Structure formats: structure tokens, C-alpha cells
Amino acid sequence: MGLSGAYKQLDPPDPREPPTPKRPQGPALFVLLSILFLLTFLLLLHLRHHRGGDTDGTCGDTCSIVLVESIPEGLGLGPERGRSTFEAWMELLGRARHSVDIASFYWTLTNQDTRTHEPSAEQGERLLAALQQLPSRGVAVRVAVSAPSPTAPLDDLQALERSGAAVRAVDLPRLTGGVLHTKFWLVDGAHLYIGSANMDWRALTQVKELGAAIYNCSCLAKDLGKIFEAYWSLGVPDASIPAPWPDNFSTSINLETPLEMTLNGTEATVFFSSSPPALCAAGRTPDLAALLSVIDGAAQWVDVAVMSYVVSTEFSRPERFWPAIDERLRRAVVERGVALRLLAGCWRHSRPSMFPFLRSLAALADNGTRYAVQVRLFVVPSSAAQSRIPFARVSHTKYMVTDQAAYVGTSNWSGDYFERTAGSALVVAQPGPGSGSFRERLRAAFERDWSSGHSFDIGDPRGWAGHCGPR
């Protein structure tokens, strides 16, 4: 069965009207009214159950969170600060007993997909094989994927369908003018992954990635599941975006009322954000608002690691100036004295327009202003063989850490990603010190990369000019 076979219309309702019942009288009327009252009461409880995000604002689960990384082969970066993406994903599959839901951009987990003969594709091929075995174990697998382009390989998705998985392609180009760029997993309604890694063998061994895995945390998994269900509902033919979204998609876990919980024994407040705003049901914080709130909440410093930082739109035409994030970072530096470090990705596909924007940001520290701004580019070196791997050897991370909070997202930092493209992010506020703090572990990963020999100041192109942008 092809990919289109995953789409099946529901049978139309029977147009025949049922016979009109006789009107009850006497005691029967009293019984009927009592039943109607009880049903109304239960319906109100049900609506409150969904509108309230199924929580009173706290989470009693014993939740644990792990930093997850992909370090490209041969990078020589030093010890990993987290679990490898491959290990984390395989562990999630090993835990699966009932369900696995994956929201994804595209699928290229094998050498066949990329027409290569790379030994490092072996991890992706093992992952695909493990996913194909799940339905035979009684695990329901659902995949929401961006509508494939005419040139995108479909082999992995078709193989998953043949194994019994359900696949739906979300036609966001038609719905919003963007793509489904989200990257997260949900397992058994209790465990999850969210981060920068695509369903791509290169994201395991040839691209630098960062994300978070959270275990035994049904309160968070259930809330992220509402975002997945929104994608799933849009993956049917001729779908349209509801306005407003039905109540079962809404949440009370957001920027204003984050979930209070314990992560690795450390107190935290947590919520998920989503983009674009059209896909946000009632109560869901849009991703841009979440990102800006993390910047605004910083009291001392902000560290950013993102592949692409462009103060405009990248894909929509005509191109528009889009200063939302850049302006907020400058405001933090100038008005509150916040120290900013920004580490951008650098590879042959970097947009030329990114570099003047980065230089402009770094220029805030010129001429004795005392503004603490530093901007660097991260270069992933390549051997002759590695340089032939298409779309690889880059830092693809999309995160921010401050003295107050951690932000792990799935979007690059330019206008299209927040206005038209489906993305999501995890926001964890942990202002206090603690050895189990996810925020502190994220800061340590950033510090390792920033201080490495692969990080080059934007003002010194000798270290990066031959690696960034078209050659």
C-alpha cells in the first residue's frame, strides 16, 4: 500500500431520520429530566477536564530529563554532555508497550534514501528496522510527516506502512505556506523526545544535534500529545485548520501557568510552545512568544546555539525584514546589561544574508560601549569522504539557555519558521542551582562548544570563511 493508502475517509452519515419518539409523561418525564441533568453535569466535567489540561498546575509524576546529543563522527569535541540521539531513541523504542507517535519533517534513515554507501548510516538502518518491528509486538505506530516534495524519498514511510504503521502527510504548504518542521516522539503517553534531530541517519552520526528526552512523565507527554493530535487531524485529505480548535486540543499549561514539577530532583516549571499561531489551540503559547519570554526573563546572561540566524524571512516572497528576535536580544543587552553569546551554524548551505546580521549584532560591543555581546560560528570539519555526504557536517542545534531557563526548540531563527512553519519547543525554568538541573547541563554543553577549537569569532573570517556559504 502506498503512502496515500494511509488516508481513508469516514463513511458518510446515514441520511435517514429516525422516527420521532413519543413524548414521555408523568414519572417517565421526571426520569428523563434527571438523566439529562446528569449527562449535562458529566459533559461540563468533561469540558473542564480538557480545558484545564488535565492538571491542577502540578505534576505528581517522578519525571526524569536527559540531555540528548548527536556529535558528528570525527569532530573531536570532547566528552558528550548527554546521551546520544541513537541511544535515546532506541531506549524509547525498547520502552514502548502500547504506542509510538512521531512528528517529523522527512524520513531518510538508510543509505538507499541518500544514494550513498556510508558505514555511518548503519545506526539509521537499525532504527528503521526496530520501528518496523513494533506493530508485530502490538505497539501502535503513528507518523505525522510533512507533505513530501516530488523529489523526497518515500521508501522509509512506505516500509513503515507495510509493517502496520499509520502514516499521515500534513499538507502545510497548502494550509499555512510552510512545512511540518517539528521533531518529537511520544511513547506510551509517558515518555518523549523533542529536539533538533530529523528522522535522518545523518542526524545520528554526521550532524550535530541537541534535544531532550523525558521519562515517566505522563503529565507532560499528554500535553505534547495534544500538539501531535492537531497534526494528525490535519493529515487527512482536504483538511482545514479549525478556528477555533475544538476544546480537546486546548491546554492550561503555558507561559502564564506552566506546570510545576520536579525534574531529576530539581524544582522546575515547564511548558510546550507551538508554531505557527494558527496551529495553537486555546491556551497554547505560540513558539515566538515563548522564545521572547525566555530572553526577557534573563537577568544576567543569554547563550544561544542555532543553525540559522536571519533577521528576515528566508523562504516567503517578497523577502521581509523580521527583527522580532534580534530586537529583543538587543534590548536585553542595552537596557538590562545582559551578556549575550550567540553560536551560529556554518556550512556550505548557510545563507549569505546571515553574516551581515551576525556582524551587526556583534558590533554592539564596539567602540567602548561595554555591551557584552559575542558572536561566533561553529564549524564541523570534514574529511574528503565526509564532504561528499549531502547536507551533512553542520551544527543543526536550536536551543537557548539563560541564568533562569532552558529553551529547546525545533525551529531555526528566522521569520518563516515562526509565522508559517509547524514547530515546537520545550521551556524549562530552573533559576536555582542544582546538580540535576537540566538548565545547568545545557549550559555546560554550550560552554564546551563555545570554548572548543571549532568555534570562530565572526570578526575573524580566517577560521570560517572557507566553510560557510556557497563556494
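Buried here means under 20% relative accessible area. With that cut-off in hand, helix α2 of this predicted model is a handy place to start. The helix spans residues 85-95, and its buried residues are T85, F86, A88, W89, L92 and L93. Going round the axis, these residues take up an arc of only 165 degrees, so they sit on the same side of α2.

Next comes the sheet. Its 8 strands make up an open arrangement with mixed pairing, and the order reads β2-β1-β10-β8-β7-β3-β5-β6. At the edges are β2 and β6 (166-170), each of which pairs on one side only.

Strand β1 (residues 64-70) is worth a closer look. Of its 7 residues, 6 are buried, so the strand is largely enclosed by the rest of the structure. What does β1 pair with in the antiparallel sense? That partner is strand β10 (residues 209-215), joined to β1 by 7 bridges. Within this pairing, S64 faces Y215 across the strands, the tyrosine being part of β10. Strand β2 (residues 83-84) also pairs with β1, this time in the parallel sense and over 2 bridges. Here V68 has R83 of β2 standing opposite. As a general point, side chains in a regular strand alternate between the two faces of the sheet.

Elsewhere in the sheet order, β8 and β7 follow one another. Strand β7 covers residues 184-187 and strand β8 residues 191-195; 4 bridges hold the pairing, and the two strands run antiparallel. One opposed pair in it is W185 with Y193, the latter from β8.

That leaves the largest pocket, with about 1,300 Å³ of space in it. Two or more lining residues come from each of β4 (107-108), α3 (111-114), β5 (140-146), α5 (155-163), α7 (202-205) and α12 (415-419). Of these, α3 provides the largest share of the lining, at 3 residues. In total 48 residues line the pocket, and those nearest its centre are F105, Y106, N198, W347 and F391. How do the lining residues split by class? The count is 22 nonpolar, 16 polar and 10 charged. Strand β5, which gives residues to this lining, is also a member of the open sheet, where its place in the order is between β3 and β6.

Key: Residues are numbered from 1 along each chain as its sequence is written. This is a predicted model: local features need pLDDT of at least 70, side-chain atom pairs count only at pLDDT 80 or more; totals for chains, interfaces and linings use all residues. Side-chain values use heavy atoms; hydrogens and water are left out. Buried means under 20% relative accessible area, exposed over 50%, partly exposed in between (1.4 Å probe, protein chains only). The arc is that of the directions from the helix axis to the C-beta atoms. Two strands pair if DSSP finds at least two bridges between them. On a 1 Å grid over the protein atoms alone, a cavity is a set of points where a 1.4 Å probe fits but cannot get out, and a pocket is an open set with protein on both sides within 12 Å along at least five of seven lines; lining residues have an atom within 4 Å of a point. Grid points are joined across faces, edges and corners, and a volume is the space filled by probe spheres set on the points. Ala, Val, Leu, Ile, Met, Phe, Trp, Tyr, Cys and Pro count as nonpolar, Asp, Glu, Lys and Arg as charged, and the others, Gly among them, as polar.
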